[in-house]
Amino acid sequence: MIKKLVRRLVLVGVVCLGVAATLVATPAVATAQCTFVTNSMGAGCWPGGSLPTANLVNDREISNPTGWWTYLNVDAAQVSSLLDANDARPTDLRVLSTSPLRFSVTMVRNSGAAYSSAWWWYYGVSKAQVNTFAAQNNARLTSAVRYGNVYAVVMVPNYGANYKAWDWCDTDFAGVGTCLGSTYRLTNIEAYGANKFVVIVVKNVEGYGWCWYSGVTRAALANVCSGQSVLDVSQNPDGTFNVASVAQGTPDGRVRDFATPTDLVNYAVNAPADRPLFVTPYVTGGTTRWLTSFRYN
């Protein structure tokens with residue numbers, strides 16, 4: 001069934017990490033709608049955005065200025081409500097806990113030639129269901145994470161100027177290479193267990209230089225893939241990290257971590273303005289820190 005999104009910001013349990021433009025209390029867009037598959041399985045949403053005019057692989061590879069938001073510890077209903085309230089679309093989705101189910105979500109304002117797009121997101125869905133939704137929507141994944149035996153994913157249209165040959169795999173370290181083959185490059189890598197990864201790959205028609213590593217230390221993240229833009233970072237159960245990056249001329253996509261979410265926000269909004277591609281917590285020495293990769297904004 002189709003129903004209107006809830007038009008209120010639920011404050012309990014929500015941490016708003018930051019915006020590139022000032023958050024104000026403005027009315028939600030009246031045309032935003034969300035189709036709920038079931039109350040427990042997931043939701044696919046689209047706020048009436050037009051097809052993008054730019055041929056973006058995903059939002060992690062462009063630096064056009066835009067509004068952005070990142071929230072921690074939000075449930076599915078809150079994610080939908082915040083997307084509606086901000087007239088935004090999700091660009092990264094991560095599961096912080098499964099019982100109760102809580103997300104970290106990063107979003108951009110869904111407007112302008114570089115960012116306006118139809119979009120969908122789903123949670124609690126099987127791999128077969130993800131593939132079915134991607135086919136039905138003529139879409140490709142831009143974010144995917146596994147928790148338990150199900151997935152949370154974000155999709156954008158994959159036709160017209162936005163078309164890109166792509167694939168995604170749930171596999172081990174050796175299987176990542178199989179998924180890549182000889183003509184694809186890695187854009188996303190999320191770990192959900194020891195030697196267990198969900199990855200997204202796109203065909204490297206541009207001939208970009210790119211690289212990926214698994215099982216590196218936090219210190220090594222600053223040294224591997226030297227001079228490239230970091231697109232994604234995830235942590236393994238043993239505390240090591242995985243990284244995917246791409247060479248795009250001037251390096252843009254810099255890994256940093258912070259002692260508090262407030263520190264991350266202050267760094268991002270101070271000149272020169274930056275936009276976080278994702279925000280993920282990790283524990284080091286018994287202390288939680290907040291890690292991201294910034295692009296100029």
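## Cores, sheets and ring contacts in a predicted model

The largest nonpolar core of this structure, which is a predicted model, has 19 residues, and those with the most contacts inside it are Phe103, Met107 and Trp121. Two or more residues of this core come from each of the following elements: strand E5 (68–74), helix H1 (76–85), strand E6 (88–98), strand E7 (101–109), strand E8 (120–125), strand E9 (139–147) and strand E10 (150–157). Helix H1 gives the most to this core, with four residues. Apart from this core lies another, of 16 residues, among them Phe133, Ala134, Trp168 and Ile200. As a general background to such sets, nonpolar side chains tend to be buried together in soluble globular proteins.

Strand E5 is a useful place to enter the first core. Six of the seven residues of E5 are buried, so this strand is largely enclosed by the rest of the structure. Strands E5 and E7 pair in the antiparallel sense, and five bridges hold the pairing in register. Within this pair, Trp69 stands opposite Met107 in E7, and Met107 is one of the residues with the most contacts inside the largest core. The residue after Trp69 in the numbering, Thr70, also lies in strand E5, and with 0% relative accessibility, which is under the 20% cut-off, Thr70 counts as buried. The side chain of Thr70 makes a polar contact with the side chain of Thr106, at 3.4 Å. Thr70 can also be placed relative to Leu82, which is twelve residues apart from Thr70 along the chain, with 10.0 Å separating the two C-alpha atoms.

Strands E8, E9 and E10, which each give two or more residues to the largest core, also form a sheet of their own. This open sheet of three strands has the order E8-E10-E9, with antiparallel pairing, and its edge strands are E8 and E9, each of which pairs on one side only. Neighbouring strands of this sheet are turned by 15° against each other on average, when direction is ignored. Strands E8 and E10 run antiparallel and are joined by five bridges, and Tyr123 stands opposite Ala152 in E10. Tyr123 also belongs to a cluster in which ring pairs link Phe103, Trp121 and Tyr123, and two members of that cluster, Phe103 and Trp121, are among the residues with the most contacts inside the largest core.

A further open sheet of three strands has the order E11-E13-E12, again with antiparallel pairing. Strand E11 (166–171) and strand E12 (184–193) stand at its edges, and each has a single partner strand, so one side of each is left without a neighbour in the sheet. On average, and with direction ignored, neighbouring strands here are turned by 15° against each other. Strand E11 is joined by six bridges to strand E13 (residues 196–203), and the two run antiparallel, with Cys169 standing opposite Val199 in E13.

Two loop residues help to place the surroundings of this sheet. Gly181 is found in the loop between helix H3 (173–180) and E12, and Gly181 is exposed, with a relative accessible area of 52%. The C-alpha atoms of Gly181 and Val201 are separated by 9.8 Å, although these residues are 20 residues apart along the chain. Glu61, by contrast, lies in the loop between strand E4 (42–46) and E5 and counts as buried, at 8% relative accessibility. The side chain of Glu61 makes a polar contact of 3.1 Å with the side chain of Arg185.

The aromatic rings complete the picture. A search of the whole structure finds ten aromatic pairs, and one of them, formed by Phe258 and Tyr267, is tilted, with 5.6 Å centre to centre and 50° between the planes. The members of this pair can be described by their accessibility: Phe258 counts as buried at 8% relative accessibility, whereas Tyr267 is partly exposed, with a relative accessible area of 28%. Rings also receive charged side chains over their faces, as Arg94 lies over the face of Phe278 at 4.4 Å from the ring centre. Likewise, Lys127 lies over the face of Trp168, at 5.4 Å from the ring centre, and Trp168 is among the residues of the core of 16 residues.

Conventions. Residues numbered from 1 in each chain as written. Predicted model: local features only at pLDDT ≥ 70, side-chain atom pairs only at ≥ 80, totals over all residues. Heavy atoms only, no water. Phe/Tyr/Trp six-rings, centres within 6.5 Å; stacked < 30°, edge-to-face > 60°. Buried < 20%, exposed > 50% of the residue type's maximum accessible area, 1.4 Å probe, protein only. Lys NZ or Arg CZ within 6 Å of the ring centre and 35° of its normal. Core = buried A, V, L, I, M, F, W, Y, C linked by side-chain atoms within 4.5 Å. Polar contact = N/O pair within 3.5 Å; in protein donor to acceptor, adjacent residues only side chain to side chain. Pairing = 2+ DSSP bridges. Axes fitted to C-alpha atoms, helices over the stretch in contact; angles between N-to-C directions.
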